[in-house]
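Hello,

I am passing a structure on to you, since you have not worked with it before. Please have a look, and then read my notes underneath.

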Amino acid sequence: MTIYSGPVFDMARRQFGVIADYLEIPEAERDWLLQPKRAIAVSCPVRRDDGGVSVFQGYRVQHHLALGPTKGGTRFSASLDIGEVAALAVWMSWKCALAGLPYGGAKGGVAVDPYTLSRRELEGVSRRYMQEMIPFVGPQVDVMAPDMGTNEQVMAWFMDTYSMYRGSAVPEIVTGKPVELGGTLGRREATGRGLAFLVGRAMERMGIAPGGATAIVQGYGNVGGVAARALSERGLRVLGVSDHTAAYHDPGGLDIDAIDRHVAKTGFLAGYSTQSLIDPEALLTMPCDVLAPCAVERVVTHVNADQIKCRILAEGANGPTTPGADLVFEQRKTEMFVIPDILCNAGGVIVSYFEWVQDLQQYYWGESEVAEKLHLALERSLHNVETRAKRDGLSNRTAAMAIGVEKVRKAMQLRGLFP
Ligand code: NAD
């Protein structure tokens, strides 16, 4: 019996099963590794602008505590459930371990559509959620960060709520805060820029020159928006972009400056152009060198995998590719370079770790120092993944996850079963 169900947790479980088989982990040990340590569900009543009260369900799942505090984002999304949160927490564990960070994985969020809230209501949801979480989090226990539907401002409200309770400023309770409150330079851009850095390395492996290379990016938020800009700064032509309101494609290349100006003004892609509109589903299967899904889970599936035409799949989102699609890509290993999510989007948690370290020391780094350390960390992870994949004839995803699972397993074995 488990409380974790639904398609996203099933996917995390299936992926783990592949790794556990490959590592020959005994059945008896598998639940110990996979089942989250703690799950918290809370109700968040919030006063609406019309005077009424709405109650939103909030969650936090902490996967394992073997290596340090847990770490993970906070998602505000209407369809959020505990299975999705648990899957994201499990993936965070493998991601942190692969990057060599002293964290277990966590994730949390509120089942609310943030786009339907006024700013005052969003602040109400954010503060109430953090207030409910206070007994379960802390700088040495569980450190939150932004994820889909949350941003620097929400982290500022989290930090303030926790600090008011403690009676002093506690910047190290969250990462992804505004720089003015102890956030680090380069955190907002870290995930998208990290993705572009790894794409650069993958292009070298595939013999693709940046000039003339093309990219398509799904999702135009913190990860996708920054990734599109960073890829275009590296000389790639961005042919297509989408968010939950619209999708655009132009074979001659989209004007990223103009799109960014439009999004800065309106918040969304809708309304940018009437000429380059395209069906969002069709965007994923348009020809390009680099396809970067940077929005939601399970968009590349066994149904569309054989129509995906990119040469590099750069997974900015968590869990965009299902195990069914992986089986299809397994046959195309030589013609397609997959940068799996736990490597591709690790820039976010790596720079979050830098932020936490700076907050604990009250000693702050310059942006170039952050970028240099980020590149070193990603380079090391990529090297470890490629070496393992080559040695054992594995896909990049299996290699990346195997390294993560092995590290967590080793830590749990060394600490032993208590009592
Ligand atoms: P965000 O809220 O800033 O942006 C999400 C974007 O996806 C928005 O543009 C939204 O309109 C779009 N979107 C939502 N549903 C869509 C759909 N069905 N089709 C196309 N676009 C859709 O969130 P984010 O922080 O950019 O996170 C995006 C993904 O990256 C998530 O999977 C998240 O878990 C992952 N991630 C984020 C970070 C980070 O640092 N923020 C780090 C690692 C991984």
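Buried residues, meaning those under 20% relative accessible area with a 1.4 Å probe and protein chains only as cover, account for 59% of the 419 residues in the protein chain. This is a predicted model, where local features need pLDDT of at least 70 and side-chain atom pairs pLDDT 80 or more, while totals for chains, interfaces and linings use all residues. Residues are numbered from 1 along each chain as its sequence is written, and side-chain values use heavy atoms, without hydrogens and water.

Now to the ligand. It is surrounded by 22 residues (each with a heavy atom within 4 Å of it), and the closest are Asp147, Gly149, Thr191, His244 and Asn318. By type, this shell has seven nonpolar, eleven polar and four charged residues; here Ala, Val, Leu, Ile, Met, Phe, Trp, Tyr, Cys and Pro are nonpolar, Asp, Glu, Lys and Arg charged, and the others, Gly among them, polar. Domain 1 (7–170) and domain 2 (190–344) each give the shell at least three residues, with bounds from an automatic or database domain assignment.

Some distances may help you find your way around. One ligand oxygen atom is 2.8 Å from a side-chain N or O atom of asparagine 318, and a ligand oxygen atom is 3.2 Å from a side-chain N or O atom of arginine 187. At alanine 295, a backbone N or O atom lies 3.0 Å from an oxygen atom of the ligand.

Finally, the C-alpha atoms of the chain fill a box of roughly 55 × 55 × 45 Å along the principal axes.

Best wishes

Definitions and conventions
Polar contact = N/O pair within 3.5 Å; in protein donor to acceptor, adjacent residues only side chain to side chain. Buried < 20%, exposed > 50% of the residue type's maximum accessible area, 1.4 Å probe, protein only.
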